[in-house]
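Trainee: I have this one open on my screen and would like to go through it with you. Where should we begin?

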Amino acid sequence: MTTVDKAWMREALRLSQQAVAHGNEPFGAVLVKDGELVYSNENQIYTRHDPTFHAEAGLLREFCRETGITDLRAYTLYSSCEPCFMCSGAMVWVKLGRLVYGASNRDLEKILGQEGCDCSSMVFAHSGHCPAVTSGVLREECLQVLKDYFGQPKSAPEL
C-alpha cells in the first residue's frame, strides 16, 4: 500500500459519500493512468434507475463509450469496496491492469448479516485475464462509510 494508493482511495471514498448524498448506495470508483485521474464515478443505481450502474461497471461503461478505449491494461481502478461479480467480470473484459480496493465483499456482507465471498478473486481465477490486485487500502475508513449507510435500519419508503 503506497501513499499514492491511499490518495486515490480517498477520492473513491469521497465519491462513495457523494453517492449517498445523491440518493444512491455508498460506492465510488476512480480510474487512473500514469498517476493521473482519467475518470471517476459514484454508484448511480437509484438515480439512473439502473441496478447495473455500480460505481465500477458504470465507470468502465462510460469511460469506454466516451473514449473508444477498451483495453485498460495500463490503468488502475480504485474502488471503495471490492467489486461484485458483475463489476469484476467487466474488469476482465476490459483487461484492467490493476485493481485496488478498500473494504472486502466479506466485510460488506458481514455488515449486512451474511457470509459473503471473495467476488473479484473468484471471477479473476476463472477467467482469461487477472489484473494485479491490492486489497485493504484504507479499509477501516471504507468500512465506516459502509457501516454508516448499511448498519442503520432504513425506514420503509413512502408510497
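Mentor: Let us begin with Tyr 39, which counts as buried because its relative accessible area is 18%, and please keep in mind throughout that this is a predicted model.

Trainee: And where does Tyr 39 sit in the fold, and what is its ring paired with?

Mentor: Tyr 39 belongs to strand E2, residues 36-42, and its partner Phe 63 belongs to helix H2, residues 55-67, so that the pair links distant parts of the chain, 24 residues apart. The two rings form an aromatic pair of the edge-to-face kind, with 5.9 Å from centre to centre and 70° between the planes.

Trainee: Is Phe 63 buried or exposed?

Mentor: Phe 63 is buried, because its relative accessible area is 4%, and the cut-off for that word is under 20%.

Trainee: How many aromatic pairs does the structure hold?

Mentor: There are four aromatic pairs in the structure. One of them, besides the pair we have just discussed, joins Tyr 149 and Phe 150, again edge-to-face, with 4.7 Å between the centres and 85° between the planes. Tyr 149 is itself buried, at a relative accessible area of 18%, and together with Phe 27 and Phe 150 it forms one aromatic cluster.

Trainee: Switching topic, how much space lies in the largest pocket?

Mentor: The largest pocket holds about 310 Å³ of space. Its lining is made of 18 residues, and the closest to the pocket centre are Phe 27, His 54, Cys 84, Asn 105 and Leu 108. Phe 27 therefore connects our two topics, because it is among the residues closest to the pocket centre and is also a member of the aromatic cluster with Tyr 149 and Phe 150, where Tyr 149 is buried at 18% relative accessible area.

Trainee: Which elements give two or more residues to that lining?

Mentor: Those elements are helix H3, residues 85-93, and helix H4, residues 105-111. Helix H4 gives the most, with three residues.

Trainee: What is the make-up of the lining by class?

Mentor: By class, the lining of the largest pocket has 11 nonpolar residues, three polar ones and four charged ones.

Trainee: Does UniProt give a domain here, and which residues does it list?

Mentor: The UniProt record, which is an unreviewed entry, lists residues 3-115 under "domain: CMP/dCMP-type deaminase". In this model that span is 42% helix and 23% strand, and its end C-alpha atoms lie 31 Å apart.

Trainee: Back to the backbone, then. Which residues other than glycine have a positive phi?

Mentor: Two to look at are His 49 and Lys 95, each with phi near 55°. His 49 is in the loop between E2 and H2, and it is exposed, because its relative accessible area is 71%. Lys 95 lies in the loop between H3 and strand E4, residues 98-103, and it counts as partly exposed, because its relative accessible area is 33%.

Trainee: What lies over the face of Phe 53?

Mentor: That is Arg 48, which lies over the ring face of Phe 53 at 4.1 Å from the ring centre.

Trainee: I was also looking at the loop between E5 and H6. What is the burial of Gly 136 and Val 137?

Mentor: Gly 136 lies in that loop and counts as partly exposed, because its relative accessibility is 25%. Val 137 has its place in the loop as well, between strand E5, residues 132-134, and helix H6, residues 139-150, yet it counts as buried, because its relative accessibility is 0%.

Trainee: How far is Gly 136 from Cys 81 in space?

Mentor: Their C-alpha atoms are 9.0 Å apart, although the two residues are 55 apart in sequence. A related case is Tyr 75 with Pro 131, which are 56 residues apart in sequence and 9.9 Å apart in space, C-alpha to C-alpha. Tyr 75 is found in strand E3, residues 75-81, and it is buried, because its relative accessible area is 6%.

Trainee: One last residue: where is Ala 55, and is it buried or exposed?

Mentor: Ala 55 is found in helix H2, and it is buried, because its relative accessible area is 0%. Its C-alpha atom is separated by 14 Å from that of Gly 23, which is 32 residues away along the chain.

Methods. Residues are numbered from 1 along each chain as its sequence is written. This is a predicted model: local features need pLDDT of at least 70, side-chain atom pairs count only at pLDDT 80 or more; totals for chains, interfaces and linings use all residues. Side-chain values use heavy atoms; hydrogens and water are left out. UniProt positions are given in the numbering used here, feature names are shortened, and annotations may be inferred rather than shown by experiment. Helices (H or I, at least four residues) and strands (E, at least two) are DSSP runs, numbered from the N terminus. On a 1 Å grid over the protein atoms alone, a cavity is a set of points where a 1.4 Å probe fits but cannot get out, and a pocket is an open set with protein on both sides within 12 Å along at least five of seven lines; lining residues have an atom within 4 Å of a point. Grid points are joined across faces, edges and corners, and a volume is the space filled by probe spheres set on the points. Ala, Val, Leu, Ile, Met, Phe, Trp, Tyr, Cys and Pro count as nonpolar, Asp, Glu, Lys and Arg as charged, and the others, Gly among them, as polar. Rings of Phe, Tyr and Trp (its six-membered ring) pair if their centres lie within 6.5 Å; planes under 30 degrees apart count as stacked, over 60 as edge-to-face and the rest as tilted. Buried means under 20% relative accessible area, exposed over 50%, partly exposed in between (1.4 Å probe, protein chains only). A charge sits over a ring if NZ of Lys or CZ of Arg is within 6 Å of the ring centre and within 35 degrees of the ring normal.
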